[in-house]
Amino acid sequence: MTSGSPPGSPPSQGSQRKRGSTKDSVGLYAVQCNVCYKWRMIPTKEEFETLREKFTEDPWFCSRRPDCSCDDPADIEYDSSRIWVIDKPNIPKPPPETERLVIMRRDFTKMDTYYVMPNGKRARCAGDVDKFLEANPEYKNRISVSDFNFAPPKVVEETVSHNSAWKAAKAKKQDKADASSAQK
Ligand SMILES: [Zn+2]
């Protein structure tokens with residue numbers, strides 16, 4: 001690990017969730033200590049979003065947590081026992097009444113970011129936020145397009161290719177391909 005890595009957010013089996021669910025694909029959150037480079041788990045998405053917002057100017061280190069020091073073993077190892085995705089630092093916290101979701105694609109190649117807006121609709125790009133504000137001008141003093149950042153976390157490919165859920169999905173795809181070619 002290099003120093004100054006952005007916070008990572010390793011998802012669990014989140015990609016198995018139902019369509020239309022408003023839960024995102026990330027199962028747990030972790031940050032890397034800027035001193036010892038160990039990974040520490042962050043209990044909630046909200047806390048993670050708070051840390052991520054200022055991660056460059058205010059990096060995380062173990063002693064920020066009560067009863068934790070760099071001498072303690074890591075909470076979690078960065079390995080292929082789960083799929084890891086690495087977030088960009090300094091993404092603004094989602095504006096009030098909105099939620100930022102990151103969803104893993106079915107084939108695990110990448111993630112998509114969107115926001116659930118106060119009216120329950122999804123915004124997938126800055127243009128959608130503009131449209132929302134045009135339609136709901138009462139939010140203009142609370143929500144600004146600059147509060148939105150659609151940069152998705154980067155999927156760590158090596159951790160995908162070792163993951164059983166991915167292998168199963170790939171095998172299923174292969175079965176389908178075999179079945180359709182057999183019909184010809
Ligand atoms: Zn540390």
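S4 and S5 run antiparallel, with six bridges joining them. Strands here are DSSP runs of E with at least two residues, helices are runs of H or I with at least four, and both are numbered from the N terminus. Within this pair, Val102 has Thr113 of S5 as its bridge partner. The open sheet has three strands in the order S4-S5-S6, paired antiparallel, where pairing takes at least two DSSP bridges between two strands. S4 and S6 (122-123) are the edge strands, each pairing on one side only.

A quick note on the source: this is a predicted model, where local features need pLDDT of at least 70 and side-chain atom pairs count only at pLDDT 80 or more, while totals for chains, interfaces and linings use all residues. Residues are numbered from 1 along each chain as its sequence is written.

Now the inside. The largest nonpolar core (buried Ala, Val, Leu, Ile, Met, Phe, Trp, Tyr and Cys residues joined through C-beta atoms within 7 Å) has 24 residues, and Val102 and Ala123 are among those with the most contacts inside it. S4 gives the largest share, four residues. Leaving aside neighbours within four places in sequence, Ala123 is in contact (C-beta atoms, placed from the backbone, within 7 Å) with residues including Tyr115 and Phe132.

Two loop residues between S3 and S4 stand out. Most residues other than glycine have a negative phi, but these two don't. Burial goes by other C-beta atoms within 10 Å, all placed from the backbone: buried at 20 or more, exposed at 12 or fewer, partly exposed in between.

| Residue | Phi | Other C-beta atoms within 10 Å | Class |
|---|---|---|---|
| Asn90 | about 65° | 15 atoms | partly exposed |
| Glu97 | about 70° | 12 atoms | exposed |

Note on methods:
Two residues are in contact if their C-beta atoms, placed from the backbone, lie within 7 Å.
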